[in-house]
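Got the viewer open? Let's take a walk through this one, stop by stop, with something to select each time.

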Amino acid sequence: MLDGAMLELLTLLLPVAAASGWYAAARHHRRSLSGELIGSVRRAYQGTVDPNIGAKADEAFHLLRQIADSNTKTLELQLALGSLLRRSGELSKAIELHERLHSQPQLTAEQQHTVRFELGMDYLSAGLLDRAENVFADLAASASHGKASLQQMLAIYQSEKDWVRAAQCAQSLKKHDAGQRHATLAHLLCEQAESAIALGDTATAQTHLQQALAEDPRCVRATLLKSQLALQRQHWAEAGILLRSVEFQNPAFIPEIIGQLRLCHANLRDMDGYLTYLDYVYQRYRTEAAALLLADELAQREGDSAAASYLTGLLSECSSLNLIRRTLHYAGSVSCDDGDCVSVLRRCLAALDSMAMQQAGYGCIQCGYECRELHWHCPTCRAWGMIQPADAGIGFIGRNPAPYPS
């Protein structure tokens, strides 16, 4: 019987033996390794990646070097080995292999670029960011590796919070994605704007924000920063216009602006306009935050009874725990002599019943799929017998059924 260590080593070396046989046959018939064969070898190596046997990559490394000589015919085979070594954590060996390949004078310029890019990935995996940056910078103009190199440089600069050079990389990447919205570049310009705001340089911040909106007209972050600058200058009308424009960039961010918009309307003495806007937002987008703020304003103007009445009227069309909780809060402070409290409670109970009926009754404990009726075959993960009642008390995802008692 073979022990576990020997089985793991044999598993790792099987593709090496296959590659050796293929290579010997190729030499015998005096033809180079075909593209299909190279792909098979690469897939075989990729299949052997296992963090538990990374230390045994040393044997594979030395065996494969015996069959993968310096001839360019085996370049892709050696690159496959380098990728295996890097993913297995053998970074020093991967760097050694790629540096040796890079020193071969017979490689074409395109092959040199490929090897150098792999070397840069080795440096990046090893945390040698300066070396990796230098490699990728040299390849930035390469037709085949320019985009990938710029993407790696962008990741490096973002990790270092070097927003200026990160924006330069993103700007260079634009030529590879013509016609696309450049949301990444817009956010990098916003980062520079925030740095300028922190230094009190509002002029530079405004310039960066204008550039961000030019790159991505839907950049909500840039609009919020511009409104922040307007609020600091107490330019209430300008800030209000900017805040309202968020709706047309992405209405999902409306809850982020309605609080600041109240400040604008209060200073412009136009609270009626603010209430009208809250009602408009709720009617169009069913934004719960708008309804709750409108109820608060009604409570200040007309009392808790008006707020409770307004929220009660919404429960039949849109209910949530927050809406019910706020309704009960305002109704609790109102006199119940006229029986209004009973009506409010009934509406709240009806809303809770509706929410309960909409909840999933069953769920798959393997993938989290939810449904209202019991199915024995999950349509998402295709597993049998994994759907169970939601009220079993053990949750859906990441739980396995308890073993049957013996």
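To start, is E297 buried or exposed? Select E297: at a relative accessible area of 7%, E297 is buried. (Buried means under 20% relative accessible area, exposed over 50%, and partly exposed in between, with a 1.4 Å probe and protein chains only.)

Before moving on, some ground rules. You're looking at a predicted model, where local features need pLDDT of at least 70, side-chain atom pairs count only at pLDDT 80 or more, and totals for chains, interfaces and linings use all residues. Residues are numbered from 1 along each chain as its sequence is written, and side-chain values use heavy atoms, with hydrogens and water left out.

**Stop 1: the partner of E297.** Add R262 to your selection. The two side chains form a salt bridge, 2.5 Å from N to O. (That term means a side-chain nitrogen of Lys or Arg within 4 Å of a carboxyl oxygen of Asp or Glu.) E297 sits in helix α16 and R262 in helix α14, so the pair ties together parts that are 35 residues apart in sequence. R262 counts as partly exposed, at 29% relative accessibility.

**Stop 2: along α14.** Now select 254–267, which is α14. (Helices are DSSP runs of H or I with at least four residues, strands are E runs of at least two, and both are numbered from the N terminus.) Centre on Q260 and look for a kink of about 30°; the bend at a residue is the angle between axes fitted to the seven residues ending there and the seven starting there. What about the helix's length? The end C-alpha atoms of α14 are 20 Å apart, which agrees with the 20 Å that its 14 residues should span at 1.5 Å a residue; the expected span is 1.5 Å times one less than the number of residues.

Colour I254, I257, I258, L261, C264 and H265: these α14 residues are buried. Their cover includes α12, α13, α15 and α16. Just past the helix, R269 takes a positive phi of about 55°.

**Stop 3: the core.** Keep I257 and I258 lit and add Y310, L311, L314 and Y330. These have the most contacts inside the largest nonpolar core, which has 37 residues. (A nonpolar core is a set of buried Ala, Val, Leu, Ile, Met, Phe, Trp, Tyr and Cys residues joined through side-chain atoms within 4.5 Å.) Helices supplying at least two residues each include α12 (220–232), α17 (304–314) and α18 (321–332).

Which residues does L311 touch, leaving aside its neighbours within four places in sequence? L311 is in contact with A291, L292, A295, L323, R326, T327 and Y330, where contact means heavy atoms within 4.5 Å. For a second, separate core, select A132, V135, A166 and L209, which are among its 35 residues.

**Stop 4: more salt bridges.** The count comes to 13. Try D138 with R116, whose closest N and O atoms are 3.1 Å apart. D138 is in α7 (129–139) and R116 in α6 (109–125), so this pair ties together parts 22 residues apart in sequence. D138 is exposed, with a relative accessible area of 54%. Then pick R86, E118 and D122, which are linked in a network of salt bridges.

**Last stop: zoom out.** Show the whole chain: 19 helices and three strands. Of its 406 residues, 40% count as buried.
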